[in-house]
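Subject: Structure handover

Hello,

Here is the structure I promised to pass on. Please have a look at it before reading my notes.

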Amino acid sequence: MSATDTVEVQASEPNQHGYRSYTLGGFTFERDEHFVHVRWPTGSHVMSVEVFLKALMRDVAWNFFYGIVNFDSVIGTMNHYGDVDLFAGRYNDAYRKAELDHQENFPEGQIKGTFEAILADWTNESFDPFAAPQETGSPFGVKSGGNDGAITRTRVTARRMVGVPGDEPLRSDERGYPVNRMFADVAQDEPTMEVEAGYEGEVAAFNLFSYLSRSDVTWNPSVVSVCKDSLYCPTSEEFILPVIHGNDRVEWFVQLSDEIHWQVDDRESGSPRARVVMKAGDVAAMPADIRHQGYSPKRSMLLVWENGSPQIPDLIAQGKAPKVPVTF
Ligand code: PHB
Ligand code: FE
């Protein structure tokens, strides 16, 4: 993305804790040893710096994702694919009724450049926002170094499929992806392929369980296979999904191992709609008008299946595509 290269990030001098404050339109972001303070013309908000940095990491790495990325029940972004809304209280019933909500639209490069600068400045050297809690140090305290390696990982996005020559490589010890402590029992053999003469180089297969057992991050879907708009985005999960995702399209979940508990709320208001407990082998479709957050008691494997077509949000708005994948 060259758009971020030219962006002017508005930052103050470091405060007494060592961290700069940032201004984006009418919003300001400030951190101290424990908290992030967000201010906007009609209100203010405080968040744990741990929750904030983990959400910010995903918002940046996923290029604002599909639809809404709620950092919590107040702060978040809505992706319009080219420009992005930053909001406070916009999808919170009480803030809306009290008319305290606020949102501003920014070119993608401007908000991304500012978010990247905040992430780099506020992440200390011991903290990896993508890691499971037991696999990283503390985000708290006065500024001490940085962790650029952890916050600039490139997201795996296969063009066709992981393991195809010239595409995203498999993970291995040699490439720096050892089997995770929680997946020591996952078989590491690869499939045997017997390819018809003349088709060598056109057939590929890989062990997805082995691939996921070697993920060094949590709650970070990788695109491992692509067929037109059909994207397989599996991920390894442990503890809590750091964002509350407001879908702008239907997505399917296939629980590949262990268990995840989903809290599903109304996308607009945040009022509760369902709790879904998914065990290994369970399949669920998440509607286009919900927000959801997952809780994974132990590290688990989840396949997120997305339809990446850029037309879907408009088709849903016009009533031409459904908000649910099946009606009974
Ligand atoms: C989702 O919002 O659907 C989502 C995001 C990240 C994950 C899993 C699911 O790791
Ligand atoms: Fe989602």
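Below are some notes on the metal site, a strand pair and a helix.

This is a predicted model, where local features need pLDDT of at least 70, side-chain atom pairs count only at pLDDT 80 or more, and totals for chains, interfaces and linings use all residues. Residues are numbered from 1 along each chain as written, chains are lettered from A and ligands numbered from 1 in written order, and side-chain values use heavy atoms, without hydrogens and water.

Metal site. His245 (ND1), Asn247 (OD1), Glu251 (OE) and His292 (NE2) are the protein donors of the iron ion (ligand 2), at 1.9 to 2.5 Å. Donors are N, O and S atoms within 2.8 Å of the metal (3.2 Å for Na, K and Ca); water is not among the atoms, so sites may look incomplete. The spacing of the donor residues in sequence is H-x1-N-x3-E-x40-H. Asn247 and Glu251 are both buried (under 20% relative accessible area, 1.4 Å probe, protein chains only).

Strands. These are DSSP runs of E, at least two residues; helices are runs of H or I, at least four. β8 (residues 83-88) pairs with β9 in the antiparallel sense, over 6 bridges; pairing takes at least two DSSP bridges. Phe87 has Gln103 of β9 as its bridge partner. In β9 (residues 102-107), His102, Glu104 and Phe106 point to one face and are buried. Gln103, Asn105 and Pro107 point to the other and are not buried.

Helix. α3 is mostly covered, with 11 of its 15 residues buried. Among them are Ile111, Phe115 and Trp122.

Best wishes

Terms used: Buried < 20%, exposed > 50% of the residue type's maximum accessible area, 1.4 Å probe, protein only.
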